[in-house]
Amino acid sequence: MTDGGWMMALDRDYDVVVAGAGMAGVVAAIAAARSGARTLLTDRLAFLGGNMTAGLLGNFLSFHNMKGEQITDGIPQEIVDACIELGGAFREHRGHLPNAYGNAYSVTPIDPEVLKLVTQKLCLEAGVELLLNTYIAGTVTEGRRVTALRIVNKSGESVVRAKVFVDATGDADLVASAGGRFQLGNDEGRVMSISLFSRLGNVDLDKHLAYVKANPDEFMLGEDPYIGKTKRQIADGLKHWMDYPLVTGHYTAVKQAQAKGEFHKNRQRVVFQVTTIPGVVVLNATSLLGYDPTDGQSLTRAALEGREQIFSVWRFFRDYVPGFDKSFVLDSAALLGVRESRRIVGTRTLTTDMCVAGQKNDDDIARGSYCLDVHQPSGVIEHMHIRDGESYGIPYGTLIPEEVDGVIVAGRSLASERFANGSARCQAPIMGMGQAAGVAAALCAEHGFQPREVPVGQLRGILRQQGAVV
Ligand SMILES: Cc1cc2nc3c(=O)[nH]c(=O)nc-3n(C[C@H](O)[C@H](O)[C@H](O)COP(=O)(O)OP(=O)(O)OC[C@H]3O[C@@H](n4cnc5c(N)ncnc54)[C@H](O)[C@@H]3O)c2cc1C
């Protein structure tokens with residue numbers, strides 16, 4: 001055993017330890033505990049939700065295919081329903097607002113503070129034990145099997161053992177530590193741009209909507225060709241700012257501000273999202289290029305540049321965008337928004353062709369439908385669309401590292417080609433993966449399987465009984 005001297009063990013051994021409490025990890029932990037596994041969920045932050053809470057992401061994409069069929073359900077929908085009850089999601093359309101932008105049929109705005117509470121409640125009700133403020137520093141292995149995690153927190157250094165682990169760190173930290181192969185970024189190892197999100201208050205969304213209706217060419221509207229409508233037709237149909245919850249564009253204003261040196265040069269358009277709080281929007285307009293999400297020093301430099309950009313981006317909105325003249329910076333994210341990190345080499349790979357074709361497979365455990373959205377390291381944003389408004393399947397093997405046992409991956413590190421990852425990294429599919437990983441981990445703990453030995457037919461049957469769409 002390679003324990004590196006980390007011998008003090010937590011006083012309990014677990015069936016399942018879920019590493020990372022982003023939404024993939026949260027859903028995995030709930031699913032494992034509800035399946036009867038003694039489950040621990042651990043994270044370096046003091047609350048659950050990952051990018052959705054600490055990253056101020058603001059919405060779940062995409063619960064529906066472009067035809068309007070709901071392709072993510074089960075625990076993820078339960079989370080939305082619980083947020084609605086506490087005022088943290090819109091009651092309209094069961095939380096899923098129609099999306100005039102047109103890269104997804106629906107957008108599901110979620111309040112981060114409500115989500116912190118909802119995820120914590122659902123975990124505790126399911127019997128999940130939580131260990132927060134805890135950094136996972138690596139794995140303990142026996143041969144190719146991970147048997148424990150090395151963790152650090154205020155109590156010092158210790159190990160936590162389990163029969164099986166879910167790697168929901170978003171960076172495949174467990175797989176990398178255990179020596180599993182992975183890919184990072186493009187052929188040169190460069191990743192998509194990182195963004196640091198912020199929220200603005202005192203925004204007049206009615207005034208902004210009037211501007212959209214008068215200037216549709218300045219915006220992304222009805223992007224997916226399946227929609228078959230012109231920008232003008234879509235803009236004419238907008239009755240309320242809730243009809244366009246994920247606003248994308250302001251091309252001319254961005255160009256003008258860049259020419260005057262008043263806006264960074266890393267992107268050609270800006271994005272903001274409506275929230276459930278009146279007058280408050282989430283800004284997605286910073287763009288941090290050339291950083292490495294697996295390098296601590298690089299992440300520090302990215303965070304510093306991101307915080308600088310937030311204020312220049314806010315000044316841009318204040319000075320150039322109708323409805324924002326009296327706005328102010330409410331807060332900025334605690335966590336950098338890392339779009340792309342390690343992608344494991346799995347027993348199966350989700351390919352770009354599979355996504356674009358809307359392929360269905362016998363071993364699918366979740367579905368995805370968002371456009372293939374790649375923010376290139378150059379700053380250029382490229383999109384591909386799924387054929388005929390369909391959804392694609394995510395096979396179980398994309399969660400199983402090829403060379404490491406005892407670990408199931410859930411979330412954006414799934415085995416996938418880059419463009420495929422640009423779709424499957426969205427919140428709805430990563431929560432679908434989480435539910436599958438949690439049930440599979442519980443099956444492993446109960447029957448003594450390795451993750452790669454889980455009978456996928458049985459897994460799919462259980463997921464369907466739980467209301468998930470496979
Ligand atoms: C800028 C940006 C914009 C996006 N826009 C959207 C959008 O509009 N809609 C949408 O649906 N998706 C969007 N996405 C994609 C989506 O947010 C991410 O892919 C998603 O958060 C991945 O979820 P996850 O659970 O895999 O990882 P994360 O949300 O990153 O969660 C990982 C968790 O693991 C913890 N962790 C990591 N390493 C360790 C460690 N070593 N020790 C302890 N804890 C650890 C982290 O603290 C975190 O809580 C966007 C992503 C980015 C970055």
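Reader: How much space lies in the largest cavity, and what makes it a cavity?

Author: In this predicted model, the largest cavity holds about 70 Å³ of space. A cavity is a set of points where a 1.4 Å probe fits but cannot get out, so this space is called a cavity and not a pocket, which is an open set. The structure holds five cavities of 30 Å³ or more.

Reader: Which residues line the largest cavity?

Author: The lining comprises I71, T72, D73, P76, I365, A366, R367, G432, Q435, A468 and V469. Two elements give two or more residues each to this lining, namely β19 (364-368) and α11 (427-447). The most comes from β19, with three residues.

Reader: How many of the lining residues are nonpolar, polar and charged?

Author: Six are nonpolar, three polar and two charged. Gly counts as polar under the classes used, so G432 belongs with the polar residues.

Reader: Why is the protein chain called as compact as a globular protein of its length?

Author: Its radius of gyration is 21 Å, and the globule rule gives 23 Å for 470 residues; the two values are close, so the chain is as compact as a globular protein of that length. The chain has 12 helices and 23 strands. Of its 470 residues, 63% count as buried, that is, under 20% relative accessible area.

Reader: What is the confidence in the model?

Author: The protein chain averages a pLDDT of 95, and 98% of the residues score at least 70. Over residues 1-6, however, the pLDDT is below 50. Where pLDDT is low, the predicted coordinates should not be read in detail.

Notes: Residues are numbered from 1 along each chain as its sequence is written. This is a predicted model: local features need pLDDT of at least 70, side-chain atom pairs count only at pLDDT 80 or more; totals for chains, interfaces and linings use all residues. Side-chain values use heavy atoms; hydrogens and water are left out. On a 1 Å grid over the protein atoms alone, a cavity is a set of points where a 1.4 Å probe fits but cannot get out, and a pocket is an open set with protein on both sides within 12 Å along at least five of seven lines; lining residues have an atom within 4 Å of a point. Grid points are joined across faces, edges and corners, and a volume is the space filled by probe spheres set on the points. Helices (H or I, at least four residues) and strands (E, at least two) are DSSP runs, numbered from the N terminus. pLDDT is the predictor's confidence in each residue, from 0 to 100. Contact means heavy atoms within 4.5 Å. The radius of gyration is taken over C-alpha atoms; the globule rule is 2.2 Å times the number of residues to the power 0.38. Buried means under 20% relative accessible area, exposed over 50%, partly exposed in between (1.4 Å probe, protein chains only).
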